[in-house]
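Trainee: Before the discussion begins, may the structure be displayed, so that each term can be set against its definition?

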Amino acid sequence: MGSVVVVGSQWGDEGKGKIVDWLSERADVIVRFQGGHNAGHTLVIDGVTYKLSLLPSGVVRPGKVSVIGNGVVLDPQALLAEITAVRAHGVEVSPATLKVAETVPLILSVHRDLDRLREAASGAGAIGTTGRGIGPAYEDKVGRRAVRLADITDGEGLRARIDRLLAHHNALRIGLGAEPVAAGTIADELEAARPVLAYADATWRTLREARRAGRNILYEGAQGAMLDIDHGTFPYVTSSNTVAGQAAAGSGVGPTSLGRTLGITKAYTTRVGNGPFPTEQDNAIGARLGERGAEFGTVTGRKRRCGWFDAVLVRQAVETGGIDGLALTKLDVLDGLDELKICVAYDLDGARLDRLPADALRQSKVQPVYETVPGWSGSTRGARSWNALPAEAVKYVRHVEELVGARVSMLSTSPERIDTILVDDPFQI
């Protein structure tokens, strides 16, 4: 049996979709363990493009079991719409192939409303959320007022849960200038969510049985380490833990069952939304990286900010997230540049730092300390072996390994899944 946890090592958008799809072909069970439909993966299989947000990437492959774990916050209508969309491409989705944790908290209209009302009221201080209710849903989970999937069947108890939820939300709505919501509105939303109950499962038990049967399990994270609620660039972060340790709590397995952690890492750096970005290139270099890398969000369509590779950030993600192997993506985007820069430290008021400061003010003030390395004139696009890479591209990859303290296990040279150089199979280590 092998288990692999896949996480992003930067601010998300590292190209996890292709890598997770590549690994899911070798897995029997694929698990989403955090986040919601604010994150997305793009898969291209046999010329068909799939844009997934809630469904684990393995859902498009026959014979796989997909699990949405208890660490996810679930918008029922978003899930049902996504199921309809993949079925239109001939993908089978049934209770046998999709299991949703019965304890998953639900995202409702009040969560989406609150997300947008707060962002609008924050003005220049807005965090830059997707407005999909993720943060407020996690708040209600921690505040013990969330409505969970299993609660839909609770009869009289459900009304009490709705009243508790609205006692909180209506007070906030009135304070933010919005009309209160009636209990019947939420009851109607939950009634419309009943089709999701067909997929409800004690997923922790499903995973236990899979482990005992010797199945390969792939734990699929969303976003990236620098968006982690504890370890990221707070407050410009997501509302869940995105590091590998969350795979255990967010799916109901013990931490010793997780196996290897693979950190998906882009060969340069991007970020969507607000927040610090020390190596950002708001210039011709940034524009070139964005154009060649097609840097637009899968879910939001927002343009990504682009910059040089930040080895300090990735090294910090390796250390806080327990990453022991990298999948380096989009190397081909760097083709044709005469020279490349890598951030190896930060300067803060004359002091040299080897980590990102914890507070937002100092994070915004740090200046990157760059090391300049040669680029390459040849093409890496579509390369499937080390021998097919220009010598300077190989040197760049090796130098990245040295700077971040983790070995490159996989190297992606185009969006096509076949254009992958495998150093070692994560399921076999």
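Trainee: Which residues in helix 5 are called buried, and what makes them so?

Mentor: This is a predicted model, in which local features need pLDDT of at least 70, side-chain atom pairs count only at pLDDT 80 or more, and totals for chains, interfaces and linings use all residues. Residues are numbered from 1 along each chain as its sequence is written, and side-chain values use heavy atoms, with hydrogens and water left out. Buried means under 20% relative accessible area, exposed over 50% and partly exposed in between, with a 1.4 Å probe and protein chains only. In helix 5, Leu-158, Ile-162, Leu-165, Leu-166, His-169, Asn-170 and Arg-173 are buried, so each of them lies under 20%.

Trainee: What covers the buried residues of helix 5?

Mentor: The cover includes helix 3 (109-122), helix 4 (134-142) and helix 6 (183-192). Contact here means heavy atoms within 4.5 Å.

Trainee: Why is the stretch 156-175 called a helix, and how do you know that its span agrees with its 20 residues?

Mentor: Helices are DSSP runs of H or I with at least four residues, and strands are runs of E with at least two, numbered from the N terminus. The expected span is 1.5 Å times one less than the number of residues. For helix 5 that gives 28 Å; the end C-alpha atoms are 30 Å apart, which agrees.

Trainee: Where does helix 5 bend?

Mentor: The bend is about 25° at Leu-166, taken as the angle between axes fitted to the seven residues ending there and the seven starting there.

Trainee: What makes strand 2 and strand 5 a pair?

Mentor: Two strands pair if DSSP finds at least two bridges between them. Strand 2 (residues 29-32) has four bridges to strand 5, and the two run parallel; the requirement is therefore met. Arg-32 stands opposite Ile-68 in strand 5. Strand 2 also pairs with strand 8 (residues 217-220) in the parallel sense over four bridges, with Val-29 opposite Ile-217.

Trainee: Which way do the residues of strand 2 point?

Mentor: Val-29 and Val-31 point one way, Ile-30 and Arg-32 the other, and all are buried. In a regular strand, side chains alternate between the two faces of the sheet.

Trainee: Why are strand 7 and strand 18 said to stand at the edges?

Mentor: The open sheet of 10 strands has the order 7-6-5-2-8-1-9-13-17-18, with mixed pairing. Strand 7 (200-201) and strand 18 (420-422) each have a single partner strand, so one side of each is left without a neighbour in the sheet.
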